[in-house]
Structure formats: structure tokens, C-alpha cells
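Work through the exercises below with the coordinates open. Each task is followed by a solution in steps.

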Amino acid sequence: MSEIDSQKAAELESELASLREKNERLSRSLVGARQRIQELGDQLDSLSKPPANFATFIGGHSADHSVDVLMGSRKMNVAASPYVAIEQLRPGQEVRLNQEMVVMGIGGYEDTGQIVHIELVLDTQRVLAKIHSDETRILRVGGRVMGTDIRVGDTYLADLRSGFILERVERPDVEHLMLEEVPDVSYEDIGGLGRQIEEIRDSVELPFQQPELYREHGLKPPKGVLLYGPPGNGKTLIAKAVATSLSHLAGERNGEGATRSYFLNIKGPQLLDKYVGETERQIREIFSRARDRASQGIPVIIFFDEMEALFRTRGSGISSDVETTIVPQLLAEIDGVEQLDNVIVIGASNREDMIDPALLRPGRLDVKILIDRPDYAGSLEILSKYLTADLPFSAAEIAAHGTADQAARALRAQLADELFARTDELRYVELTYNSGQRETLYISDFVSGAMLAGIVDRVKKLAIKTFLQSGERGISRANISAAVRAEARENSQLDQISDPEEWAKVNGRTRGEKIVAIRPL
């Protein structure tokens with residue numbers, strides 16, 4: 001082949017390759033255009049497709065692969081697509097239906113609706129729920145809450161169109177009041193209240209330990225106990241210790257060692273609600289929760305702190321008389337037809353004179369225990385809980401007394417001696433009685449467990465400051481004296497009440513005689 005022919009053949013091959021490439025590009029463009037036309041066609045079909053329907057699943061039938069659904073107010077039996085696993089559907093769940101009313105897909109659960117309160121659990125699938133104050137309905141149990149512990153008084157989200165309860169809703173206004181804690185306080189942690197502890201153990205623990213003996217002697221365990229007296233003397237500590245002790249007793253009775261007890265700590269002022277009926281509802285829920293727990297054989301303590309703020313004498317309100325409905329609600333719970341087995345109500349109050357007398361009658365809070373201010377011996381016992389041998393003491397104190405335990409005992413005695421001294425520096429007020437007699441009160445007349453704990457804290461802080469300033473480590477006698485003097489200077493709220501009658505009620509100093517005048521010293 002000549003050179004010219006070879007050149008032409010090469011040009012023809014190059015032209016052929018170019019045409020082949022253009023043909024391939026055109027083919028790809030045609031395929032892409034065809035796919036795009038198909039997508040546009042599918043989009044057009046979807047836009048013109050009839051809307052899907054949603055319904056609520058009630059139950060399924062595997063025999064014919066059909067399901068019962070609620071659509072609005074209509075109950076229907078419809079077919080399900082073979083691709084839908086009806087065994088995975090739960091009552092209350094949403095399903096998607098096509099235009100032929102065939103179930104094509106599975107949805108979730110409704111997440112909005114009406115808040116309802118459970119009044120009665122009828123069976124595993126139905127409950128009686130309170131919708132409004134004047135309306136109750138029987139509702140079905142939805143799939144998400146099936147098999148859970150549904151309790152009377154609990155709050156649930158409900159879809160009233162389909163008649164299902166769907167989700168438990170925590171009510172912070174009630175839940176924060178009902179701390180189902182197990183207190184870690186024992187009787188050994190409490191000092192100076194041996195007689196009161198024995199009284200409350202006889203009233204609360206003995207019926208729990210010996211129910212047969214109580215029945216044999218025709219005795220009924222008390223429903224409630226009132227702990228009253230000046231503030232800061234251990235009323236709350238005693239209530240917590242009772243709960244701890246009951247948990248151990250229940251464990252021994254069941255052969256399990258220490259078991260669980262419930263301590264529902266209800267603070268009176270927090271329970272008050274500005275909306276009519278809300279406080280009463282919360283009281284009902286508290287007792288409902290307690291009965292539910294107690295039905296399992298677990299002891300429950302319902303502790304009402306600052307009881308006079310919530311259950312004061314009816315008719316004594318200044319701006320409103322909320323107690324006219326709150327007090328009867330508590331009385332109804334204590335006296336109700338439902339038994340309060342394993343449930344004990346303990347109230348604490350600094351002003352027992354303000355509590356409605358109906359609550360203090362036999363059969364209600366019929367055991368009343370005075371938690372009074374500690375005397376000298378009681379103060380030493382309380383100090384032994386705070387000023388202990390494991391604290392650092394100064395070298396001089398250890399040298400003077402031999403051991404840390406003896407030093408701690410000596411410093412406790414010094415603190416009590418100085419606190420109970422009748423010196424001018426520790427005088428507080430002078431009281432004048434109706435008979436004309438006068439009485440001078442000292443700081444020792446107002447000693448409380450809280451005050452003693454505060455003085456020991458002062459001692460520890462002073463010891464730290466002494467170490468930082470002088471390098472001398474440990475608690476010394478000088479720290480004790482300085483702490484007592486500081487407490488005497490700062491504890492001035494005792495002479496701030498000018499009304500003699502009010503002062504006597506707050507401070508618990510009446511001597512059976514009316515106070516007519518108070519003179520701060």
C-alpha cells in the first residue's frame with residue numbers, strides 16, 4: 001500500500017472513532033432523557049394519586065390477614081397487604097390505608113392529646129379514667145403502656161378520639177413532693193431523745209412487729225403520729241429513722257435482711273396550689289401512691305412537714321379559707337373505707353395549736369409526742385454525734401487529756417458548761433407574767449439540736465482559721481469559748497417577736513401562765 005493510501009486509512013479510522021464516540025454520547029443522553037421522563041411521569045402520578053387514610057389499630061386476625069381499625073368514629077375490619085406484619089402491630093398504633101382501604105404501612109403513636117387521671121384499673125386492657133371533674137370514661141390501654149404498672153392516680157396522655165391511653169406523663173407538681181426515698185438515718189444518729197424514740201417505736205413498730213398480739217388484745221395500730229415542739233430538735237430525723245427501722249423489720253419478717261421502705265416527704269407549703277381543687281387532688285394521689293406501695297407488703301411513711309401550714313384550723317384563714325376543703329380531704333383519706341395497712345402518717349409541727357382539732361382526735365393523729373428542747377445531759381448526748389474523737393484536736397488538748405476520745409469528751413463538757421451557764425453575757429429576755437412575776441431567760445432555755453450542730457460547725461471553722469493564722473493545728477478550748485460567744489451574739493431572733501402570746505407559742509415558754517410583757521436583754 002502506498003504512503004497516500006495509508007494516510008487516508010488513518011484519517012478514516014480517526015473519523016470513525018469520533019463518530020463512534022458521538023454515537024455513544026447520544027445514546028447515553030437518550031437513556032438519561034428516558035429516565036428523566038419516567039421520573040417526571042412517576043411524580044405526576046404521585047401528585048394525582050388519591051390521599052392515603054390513617055386509622056388506629058385495634059386488633060388483628062391472622063386467619064384472613066385482616067385488621068380491626070378505628071377511622072374517626074367508625075370501627076372497620078379491613079384487609080392488610082401481605083407485606084404488612086400484623087403480628088407486629090400494637091393497640092393504639094397508627095396504620096396507613098390506600099384508597100381501597102387496604103393497610104399498606106405501619107405508623108407510630110399519637111403524641112398529643114388529653115391528660116387524664118386513672119381512677120380504676122378494670123383489667124389488663126381497660127381503665128376507668130377521669131377526664132374532667134365531672135366526666136369519666138373507660139379507655140383502652142395502648143400498646144406502649146401494655147404490661148406496665150398502671151396505678152390509680154397516675155397521669156396519662158390519652159387520644160379520646162380512639163379511646164386509648166398512650167403514654168404515662170410525669171406530673172412534676174406531684175412527683176417532686178413524693179420522694180420515694182429510703183432514708184439513711186438510724187436511731188443511733190439521734191441524740192437526747194431516748195424517751196421520744198421509745199414512744200414512737202411503741203406506737204409504730206410494735207404493731208408492725210406483733211400484729212397477731214394486737215388483734216388478740218383488740219387493739220388497732222394508730223393511723224397517725226404528731227411530732228410537735230420547738231424547731232430544730234429532731235422531728236424530721238425521728239420520722240426518717242422510723243422509716244429506716246421499718247425497712248429492716250420488714251426485711252427480717254420476709255427473711256430478706258434489709259428491704260425497702262418508702263418515705264413520702266411532703267412539705268406543707270409546697271403542696272398548696274393556687275388553683276381550686278389541685279391541692280386536694282394531690283393529697284388523693286399521695287395516699288393512692290402510698291396504698292399501692294403498701295399493698296406489696298412494703299411499709300410506707302407519709303411525712304407531712306410544717307403541718308400547720310396546710311391543715312390549720314378551719315375558719316382561721318385571713319385572705320382565704322382553703323383549709324375548709326383541704327382538711328376534710330385529709331380526714332377522708334385517713335377515715336376512708338380503704339384500709340391504711342402498712343401506711344403510717346407522721347406530722348411535724350412547731351405550732352400544734354394551729355392544726356385543726358379534728359385531725360388530732362382519736363383514730364387520726366391520735367399519738368402526740370412532744371419533741372422538746374434538750375437539757376444538759378441531752379445536749380451532751382447530741383454533742384457526742386458532732387464533736388467526735390476522729391476530729392483533729394490541738395496538741396495541748398491531747399497532752400492534757402491523754403487520748404483524742406478523752407479530749408473530745410472534755411471539750412463537749414466544756415461546751416455544754418459554757419452554754420448552760422447563767423451569766424449576764426448569755427441573758428436573752430425578761431418575761432413578765434400575769435401574776436406580776438418576772439423571769440429571765442438565758443440561751444440555755446432555747447438550746448436545740450440544730451443550735452448545737454451549728455456551734456460545733458463554728459468550732460471547726462474557728463480551728464481552721466487559727467491554723468491558717470498561727471499554724472497551730474486542731475480544735476482547742478479557746479475555739480469552744482469563742483463559738484459559744486458568737487452564737488450568743490448572733491442568735492438574736494428569739495427576742496424579735498413583740499406580741500407576748502405569739503412569742504410564747506413560737507418559743508414554747510408558757511409555764512401555764514399568761515405572758516403580758518417581753519423585755520429584750
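Two residues are in contact when heavy atoms of theirs lie within 4.5 Å. The model is predicted.

**Exercise 1. Find the contacts of S245 and decide whether S245 is buried or exposed.**

Step 1. Locate the residue: S245 sits in helix α5.

Step 2. Leave aside the neighbours within four places in sequence; S245 is then in contact with Y187, R201 and E205.

Step 3. The cut-off for buried is a relative accessible area under 20%. S245 has a relative accessibility of 12%, so S245 counts as buried.

**Exercise 2. State which residues the UniProt annotation "binding site" covers, and describe G232 and N233.**

Step 1. According to the unreviewed UniProt entry, the annotation covers G232, N233, G234, K235, T236 and L237.

Step 2. Place the two residues. G232 lies in the loop between β12 (224-228) and α5 (235-254), and N233 also belongs to the loop between β12 and α5.

Step 3. Assign the burial classes. Partly exposed covers the range between under 20% and over 50% relative accessible area. The relative accessibility of G232 is 33%, so G232 counts as partly exposed. For N233 the value is 6%, and N233 therefore counts as buried.

Step 4. List the contacts, without residues up to four places away in sequence. G232 is in contact with S448, G449 and A450. N233 touches L193, I371, D372, R373, P374, V447, S448 and G449. S448 and G449 appear in both lists.

Step 5. Look at the side chain of N233: one of its polar atoms lies 3.4 Å from the backbone oxygen of P231.

**Exercise 3. Describe how helices α12 and α13 pack.**

Step 1. Choose the descriptors. Two packed helices are described by the angle between their axes and by the distance between the axes.

Step 2. Read off the values. Helix α12 spans residues 449-470 and helix α13 spans residues 477-490; they pack at an angle of about 125°, with their axes 8 Å apart.

Step 3. Classify the angle. Over 145 degrees counts as roughly antiparallel, and 65 to 115 as roughly perpendicular. The angle is about 125°, and α12 and α13 are therefore oblique to each other.

Step 4. Give the handedness: α12 passes α13 in a right-handed crossing.

Step 5. Name the residues that make the contact. On α12 these are M451, I455, R458, V459, L462, A463 and T466. On α13 they are N479, I480, A482, A483, V484, A486, E487 and E490.

**Exercise 4. Characterise M101 and E306 by phi, location and accessibility.**

Step 1. Recall the background: most residues other than glycine have a negative phi.

Step 2. Read the angles. M101 is not a glycine, yet has a positive phi of about 60°. E306, also not a glycine, has a positive phi of about 50°.

Step 3. Place them. M101 lies in the loop between β4 (94-97) and β5 (103-106), whereas E306 is in the loop between β14 (300-305) and α8 (323-335).

Step 4. Classify the accessibility. M101 has 27% relative accessibility, so M101 counts as partly exposed. E306 is partly exposed as well, with a relative accessible area of 35%.

**Exercise 5. Summarise the protein chain as a whole.**

Step 1. Count the elements: the chain has 14 helices and 19 strands.

Step 2. Give the burial: 41% of the 521 residues count as buried.

Step 3. Take the contacts with a separation of 6 or more. Of these, 63% join residues 24 or more positions apart.

Terms used:
Residues are numbered from 1 along each chain as its sequence is written. This is a predicted model: local features need pLDDT of at least 70, side-chain atom pairs count only at pLDDT 80 or more; totals for chains, interfaces and linings use all residues. Side-chain values use heavy atoms; hydrogens and water are left out. UniProt positions are given in the numbering used here, feature names are shortened, and annotations may be inferred rather than shown by experiment. Helices (H or I, at least four residues) and strands (E, at least two) are DSSP runs, numbered from the N terminus. Buried means under 20% relative accessible area, exposed over 50%, partly exposed in between (1.4 Å probe, protein chains only). A polar contact is a pair of N or O atoms within 3.5 Å; within protein, one must be able to donate a hydrogen and the other to accept it, and residues adjacent in sequence count only if both atoms are side-chain atoms. Axes are lines fitted to C-alpha atoms, for helices over the stretch in contact, and angles run from 0 to 180 degrees between N-to-C directions. Angles under 35 degrees count as roughly parallel, over 145 as roughly antiparallel, 65 to 115 as roughly perpendicular and the rest as oblique. A crossing is left-handed if the near helix is turned anticlockwise from the far one by less than a right angle, and right-handed if clockwise.
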